[in-house]
Each structure stands twice: as structure tokens, then as C-alpha cells.
Amino acid sequence: MRLLVCGGAGFIGSTFARLRLREQGDQVTVLDKLTYAGREENFHDFAEDPGFRFVRGAIEDPQAVAAAIEAGAPEAIVNFAAETHVDRSIAEPDAFVSTHALGTYVLLEAARTLKGTGEHGLRYLQVSTDEVYGSIEVGTFTEESPLRPSSPYSATKTGADLLVQSYFHTYGLPAVICRGSNNYGPYQYPEKLIPLMILNALRGDPLPVYGDGMQVRNWIHSTDFARAIGHVLEHGAPGEVYNAGGPDEEANITVVRRIVELTGAAESQIEHVTDRPGHDRRYSLSSEKVRALGWAPQVRFSDGLAQTVAWYRENGWWWEPIRSGEYRAYYERQYGRSLQP
Ligand code: NAD
Ligand code: DAU
């Protein structure tokens, strides 16, 4: 298949591009703005693949989108492009609104008007999140659960999902949505819990746990989520939503203690710090609908976490430039302290 992968220079988008090139023999054109989270280093092992192209540009820019479509002649658009960090959405929501609302709109218009091989438009897959359902103390969200987002990140992701659904209902655009739970794995930017804790543990920095650390997340390895997205793209019914949750749930403090063990850091590095405003207590996602299409997660959290720690240990070339760049200033603003050099 020929794919336009928007946001494919990020953590999950580059994982998806790598798997589609290698496992499916797809042709992949990535359109990415290269924000702080988008990095050409994420293509290091497939940049020269003859099936791969990269176009730098923003999804909210119709000319950049047209250029990427011209370059890749896609049969489908898969949209990963997003601002993805909840803490940044609390501090500075602007880019979340423009990328999720305007950017998704520009892509949908392109998909609708450039019909490609379909009668109603190009096949379109929106990558979304369990955070659109809000927090759940007991039980598990299904695709029928009400949408109750709580942060500027999740509210704008919800808005994008609703716009995608309106293009299916109004124009017949063959669009699907795939909502994932918390991803972890190689190439994740170290503002997120797991890579932040691994790098701080390795470097002897404090491990900043928000509040009591008893918030629960439903962890999925990025290769499992990427394969779920591919599966929904190929087998999902237009207009439908599919949840893809990981096999294991864990409290943050348990995850951090396990990272301490795996890295050989000291328990005394753990520090409880001021909680995130509006912090969702628990996420939990039922994946019955996508499992019925033949997908199942392969990586248990205990194995995936150990492999992820090993990857960061062995790939300092990937993260050392991040820890010495813009990220240092971000870290000081967010945590009120400096990182070790
Ligand atoms: P990421 O922050 O690592 O990557 C986002 C990518 O989008 C970057 O390459 C960035 O440069 C690009 N981008 C941002 N704004 C853009 C714009 N306006 N135009 C073009 N490119 C732009 O994020 P990720 O963790 O890989 O998440 C990818 C998608 O998966 C997002 O839509 C996110 O909401 C969703 N998701 C993430 C998780 C998770 O745990 N990380 C879980 C479920 C769903
Ligand atoms: O659930 C899917 C979502 O998972 C995605 O849609 C988001 O893009 C992704 O960022 C992630 O959101 P979270 O807010 O759950 O992830 P984060 O890694 O920021 O935080 C995970 C948990 O760890 C959360 O309860 C907050 C806590 N935390 C996080 C950081 C960065 C800490 O205790 N300390 C920290 O320093």
C-alpha cells in the first residue's frame, strides 16, 4: 500500500513507518513539521529505504499537505501528527488547538477532495487516545463510553475525533479512528513518564512522581499499537472507532520502582512532587472490538519495560543530544530544577 504518514517523525509514527516498510513492503511518505518531538534520528535505520520519502511540513498547511500527496500518491492517510504531552498542554495549549483542530481539518479536506482510488475519498485513519474518555476508577472503557476529556490535550484530540466522524457521516469519507492506551518503547521523547524516569535513574537525577503515584495507566508497547493501527487500516469498517489497549495496568509508583531495580538506581532518588492539575486517576481500555478483527498485543509490560530500559542504556547517541538541548529548559520550567549535565 502507498501511505501518507503524518507525524511519522515522532515516537509511534516512526515505529509504524518502520514496521510497514519492513513487514508489509508498503511505500511510506512521512509528512512532519519536526517539532521538538519529531526527529530525523527516528528514521536512522530506514531513511535510505527506496520505499521511504520524507516531506517536512505542517498538517495545517494545505500546500505542504498537497506537496506530500503529490510526492507519495497515497492510497491512505494515517494521521499521528499531534502535540502529545499533557503537561505542555496545561502550560501552553495554543499548538494543541491549531494542530488538532485545524491540522486535522486540512487533512480531511485533502482526503475528501483528492479521491484517490475510492469513490468518496482516500482512506483515512485518525490516531487517537484513551484520554478522550477521561478517567475511570473502576471498570474499562469501550468504544460506546461517553467522551469526557479533562485536559487541553485530550479535549482537542476529542474535537479532532468528532471532526473525523463528521466527514464520514456528511461526505461518506472512509475514515476510521484507532484509540490507544499509554505507549512505551524505544524512541519515546523523555518528557513522558517511562523514558524520563529511565534517563534520570541512569544519570543520578531525582525521579519526580506526581502526587501519591497511585495513578494507574494501561501500558501498551509501541510495536503492538503500531500493528493495531495497521490492522484497523486494513480490516476496520469505515466510520467505526477501535480501541487498542495494552495487556497490563500498573500504578506509576510501581513502574518507577521497577525502573529503579532495572537500572540499579537508588530508591532514595524517588521524590513525590506537586501533582499535575486535573490529573486523571486511571485509564483502562477494552480492546474486544479490534481483537475480533484478529489483533492481539504481544508484549507483556514486564518484558517490554526491561527491553526498553536496555534500549535507552545502549542508545545514548539518540537521547544525549535531547538531554543537552531544548529539553533542559523545558525540564527546569516543569520541575523547577536542573538536570545533571
Ligand atoms: P510524538 O510527540 O512523539 O510525535 C508527534 C509527531 O507529530 C512529531 O514528529 C511532531 O513533529 C509531529 N507534529 C506535531 N505537530 C505537527 C503538525 N502540526 N504538523 C505535522 N507534524 C506535526 O507523539 P507520539 O507519542 O508518537 O503520538 C503519536 C500519536 O499517537 C498522537 O496522535 C497521539 O495523540 C497518539 N497517542 C499517543 C499515545 C502515547 O502514549 N504516546 C497513546 C495513544 C495515542
Ligand atoms: O493514555 C494515552 C496517553 O498517554 C497519550 O494520549 C498521551 O499522548 C501520552 O502522553 C500519555 O499521557 P499521560 O499523561 O498518561 O503520560 P505521561 O507519560 O505524561 O504520564 C504518565 C503518568 O505518569 C501520569 O499519571 C503522570 C505521571 N507522571 C508523569 C511525569 C512526566 C509523573 O508522576 N511524573 C512525571 O514526571
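**Figure 1. The end of helix α8 in the predicted model.** Immediately after α8, G264 adopts a positive phi of about 75°. The helix itself comprises residues 252-263, twelve in number. From its first C-alpha to its last, α8 reaches 16 Å, close to the 16 Å expected at 1.5 Å a residue.

**Figure 2. The buried side of α8.** N252, I253, V255, V256, I259, V260 and T263 are the buried residues shown for α8. Around the axis they cover an arc of only 160°, which puts them on the same side of α8. An α-helix has 3.6 residues a turn, so residues three or four places apart point the same way. The cover over the buried residues of α8 includes two helices, α6 (193-203) and α10 (301-314). It also includes the strands β8 (207-210), β9 (216-221), β11 (248-251) and β12 (270-273).

**Figure 3. Polar contacts of ligand 1.** The side chain of D32 has an N or O atom 2.6 Å from an oxygen atom of ligand 1. For K157, a polar side-chain atom is placed 2.7 Å from an oxygen atom of the ligand. K33 takes part through its backbone, with an N or O atom 3.2 Å from a nitrogen atom of ligand 1. Taken alone, ligand 1 exposes 840 Å², and the protein buries 96% of that area.

**Figure 4. The shell around ligand 1.** Two or more residues of the shell come from each of α1 (11-24), β5 (123-129), α5 (152-171) and β7 (182-184). The element that gives the most is β5, with three residues. In total, 30 residues surround ligand 1. The closest are D32, E60, T84, Y153 and K157.

**Figure 5. Helix α5 and its packing.** The end C-alpha atoms of α5 are 28 Å apart, which agrees with the 28 Å that its 20 residues should span at 1.5 Å a residue. Its buried residues are Y153, S154, T156, K157, T158, A160, D161, V164 and Y167. Two of these, Y153 and K157, are also listed with the closest residues to ligand 1. The buried residues of α5 pack against the helices α3 and α4 (94-113) and the strands β5 and β6 (175-180). Just after α5 comes G172, with a positive phi of about 75°.

**Figure 6. Surroundings of S89.** S89 belongs to helix α3, which runs over residues 86-91. Its relative accessible area is 0%, so S89 is buried. Leaving out residues up to four places away in sequence, S89 touches F96, S151, P152 and Y153. Of these contacts, Y153 is also a buried residue of α5.

**Figure 7. L34 in a loop.** The loop between β2 (27-32) and β3 (52-56) contains L34. L34 is a residue other than glycine, yet its phi is positive, near 55°. With a relative accessibility of 16%, L34 counts as buried because the cut-off is under 20%.

**Figure 8. Y187 in a loop.** Y187 is placed in the loop between β7 and α6. Its phi is near 75°, a positive value in a residue other than glycine. Y187 counts as buried at 10% relative accessibility. Of the two elements that flank this loop, β7 gives two or more residues to the shell around ligand 1, while α6 is part of what covers the buried residues of α8.

Note on methods: Residues numbered from 1 in each chain as written. Chains lettered and ligands numbered in written order. Predicted model: local features only at pLDDT ≥ 70, side-chain atom pairs only at ≥ 80, totals over all residues. Heavy atoms only, no water. Helix = DSSP H or I, 4+ residues; strand = E, 2+ residues; numbered from the N terminus. Expected span 1.5 Å × (residues − 1). Buried < 20%, exposed > 50% of the residue type's maximum accessible area, 1.4 Å probe, protein only. Arc of directions from axis to C-beta. Contact = heavy atoms within 4.5 Å. Near = heavy atom within 4 Å. Polar contact = N/O pair within 3.5 Å; in protein donor to acceptor, adjacent residues only side chain to side chain. Areas by Shrake-Rupley, 256 points an atom, 1.4 Å probe, with all protein chains shown as cover.
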